[in-house]
Amino acid sequence: MKLTHEEVRQVLSIISESSFDSIEIKMGEIAISASKSGPLRAESVAPAPPTPQAPAQTQQAEPPTPPRAAAAPKASDVADEGLIEVTSPMVGVFYIAPEPGADPFVAKGDLIEPDTTVGIIEVMKVFTSIRAEKSGRVVRCLVENGDFVEFGQPLLLLQPES
Amino acid sequence: MSDWPDGYGRRILDTVDSTLNEAGRIAPGLSAPEWILARQQTAARGRRGRAWHMPPGNLACTLVLRLDEPPQRIALRSFVSALALFDACAEVLGDSAKLSLKWPNDVLLNGGKFAGILLETLGGAGQGGTVLAIGIGANLATAPEPTEVESRALRPVSVLGETGVSLDPEMFLTHLAAHYAKRETQFTTYGFDTIRQAWLAHAARLGETIVARTGTTETEGRFDTVDSDGNLVLVTSSGPVRIPAADVYF
């Protein structure tokens, strides 16, 4: 299935005129993610992250968070490099350490297991420890301390250990 | 409502580092929800490692329970626990007019902060569900000096100082546990909207301009409501904004 140029233009027009800050549409093999504050990407759906549950404008933890280069790896790049993603199970503010000034839970080069705590996410004064749920060596940390994260957003890239 | 609720355990400690830490220690063997009360805490803590003032006579307790629910639903216990604390205070004081709620879980007395609630999941989701610890500290007898809290924080107050009523922490815990059990049943039976409506009925500054700070970002707007996911909704000059995590300032 392919989208025509006109169809893509219509989708962008609808989003532009709406009060939504971002949207994800999935139709068969096609997925479109669009954001007023970030770049549009349209890609074939392999394992696409689930649609965020928070629907409308959601405040970002840090000032307008244009996705940093490191924070938005392309799925194809990840697959090509044989890397796997650790993703956020919820919306909230991500903390890399148990408290300010403490060592981060994980760092580049660490070998982690599924039950390794990789961070804490705060939402509504509830602090949830986030476990990796996967194993491998940390290649890249994709979010910084205090970043706002969405449901399904990649947090870490791991190189599976053979 | 002053009977200890069925199905909830209780352990009273003379001294402990922190009831939240104790919750972590008992979590692996937890078979039913349990309240932990300490007469003295040697290392009480607040949000993100902030120190928490805990002189004798104040309430220091933690409810630890196991929940087989998604994280976003577990987070709504922030409102359940705040309402339970509000209810318990209203009951023992015989007056709810002096009490109000600040998003998401601060209970205010005469507009000042007299309690803090901190919720932590312990070790993430595991077999049998996620263990949640709800730590509650309340200034029943003594409040910290204003110089001991953040400059923008609300005036710290105590129940004794504001009302002249002296409350025993163990007696107060019985009221709190009973009201928590009632609100928990309400939440699991009827869903979040019942809790949300009850919370909004006591919300401080609803309809007024407030500030929400997340990290270095501040959002100023009219406090419109709390949405069905528990987000704070502010109406700003550029439209409504939903805020899932922030410190709120009046």
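B:Phe79 is buried in this predicted model, its relative accessible area being 1%, and B:Trp199 likewise counts as buried, at 1% relative accessibility. The rings of these two residues, B:Phe79 and B:Trp199, have their centres 5.7 Å apart and their planes at 80 degrees, so the pair is classed as edge-to-face. Distant parts of the chain are linked in this way, since B:Phe79 belongs to helix α3 of chain B and B:Trp199 to helix α6 of chain B, with their positions 120 residues apart in sequence.

Helix α6 of chain B, which spans residues 192–201, holds several further buried residues besides B:Trp199, among them B:Phe192, B:Ile195, B:Arg196, B:Ala198 and B:Leu200. The elements that cover the buried residues of this helix include α3, β4 (99–102), α5 and β10 (217–226) of chain B.

The search of the whole structure, taken over all chains, finds 5 aromatic pairs. One of them is formed by B:Trp35 and B:Tyr180, whose rings stand edge-to-face at 6.1 Å centre to centre, with 80 degrees between the planes. This pair also links distant parts of the chain, given that B:Trp35 is placed in strand β2 (residues 34–41) of chain B and B:Tyr180 in helix α5 of chain B, 145 residues apart. Both B:Trp35 and B:Tyr180 are buried, and together with B:Tyr8 the two residues form one aromatic cluster.

B:Trp35 and B:Trp199 reappear in the largest nonpolar core, which has 80 residues and in which B:Trp35, B:Leu176 and B:Trp199 touch the most other members. Helix α3 of chain B (residues 77–93) gives the most to this core, contributing 10 residues. At least three residues of the core are drawn from each of domain 1 (9–200) and domain 2 (209–249) of chain B. A second core, separate from this one and made up of 20 residues, includes A:Phe148 from chain A as well as B:Leu20, B:Ala38 and B:Leu118 from chain B.

Helix α5 of chain B, the element that carries B:Tyr180, extends over residues 169–190 and also contains B:Ala181. With a relative accessible area of 11%, B:Ala181 is buried. When its neighbours within four places in sequence are left aside, B:Ala181 is in contact with B:Pro5 and with B:Tyr8, the latter being a member of the aromatic cluster described above. B:Ala181 is also 9.4 Å from B:Trp4, C-alpha to C-alpha, although 177 residues separate the two in sequence.

Strand β3 of chain B, covering residues 59–67, is the place of B:Thr62, which counts as buried at 0% relative accessibility. The side chain of B:Thr62 makes a polar contact of 2.7 Å with the side chain of B:Thr19, and the side chain of B:Thr62 also reaches the backbone nitrogen of B:Leu20 at 3.4 Å. Not counting residues up to four places away in sequence, the residues that B:Thr62 touches are B:Thr19, B:Leu20, B:Ala23, B:Glu34, B:Trp35, B:Ile36, B:Ala133, B:Ile134 and B:Gly135. Among these, B:Leu20 is included in the second core, whereas B:Trp35 takes part in the largest one.

In contrast to B:Thr62, which is buried, B:Ala141 counts as partly exposed, at 28% relative accessibility. B:Ala141 is found in the loop between β8 (129–138) and α4 (159–163) of chain B. Apart from its neighbours within four places in sequence, B:Ala141 is in contact with B:Pro56, B:Gly57, B:Asn58, B:Ser158 and B:Leu160. The C-alpha atoms of B:Ala141 and B:Pro56 are 8.0 Å apart in space, while the two residues are 85 apart in sequence.

Regarding confidence, the model scores ipTM 0.86 and pTM 0.77. Chain B averages a pLDDT of 91, and 94% of its residues score at least 70. For chain A the average pLDDT is 70, and 50% of the residues score at least 70. Within chain A, confidence is lowest in strand β3 (residues 41–44), at a mean of 34, and highest in strand β6 (residues 111–112), at 94. The pLDDT is below 50 over residues 37–56 of chain A, a stretch that nevertheless has 40 contacts in the model beyond near neighbours in sequence. Residues 60–71 of chain A also have a pLDDT below 50, and this stretch has 30 contacts beyond near neighbours in sequence.

Notes
Residues are numbered from 1 along each chain as its sequence is written. Chains are lettered from A and ligands numbered from 1 in the order in which they are written. Side-chain values use heavy atoms; hydrogens and water are left out. pLDDT is the predictor's confidence in each residue, from 0 to 100. Helices (H or I, at least four residues) and strands (E, at least two) are DSSP runs, numbered from the N terminus. Contact means heavy atoms within 4.5 Å. Buried means under 20% relative accessible area, exposed over 50%, partly exposed in between (1.4 Å probe, protein chains only). A polar contact is a pair of N or O atoms within 3.5 Å; within protein, one must be able to donate a hydrogen and the other to accept it, and residues adjacent in sequence count only if both atoms are side-chain atoms. A nonpolar core is a set of buried Ala, Val, Leu, Ile, Met, Phe, Trp, Tyr and Cys residues joined through side-chain atoms within 4.5 Å. Domain bounds come from an automatic or database domain assignment. Rings of Phe, Tyr and Trp (its six-membered ring) pair if their centres lie within 6.5 Å; planes under 30 degrees apart count as stacked, over 60 as edge-to-face and the rest as tilted.
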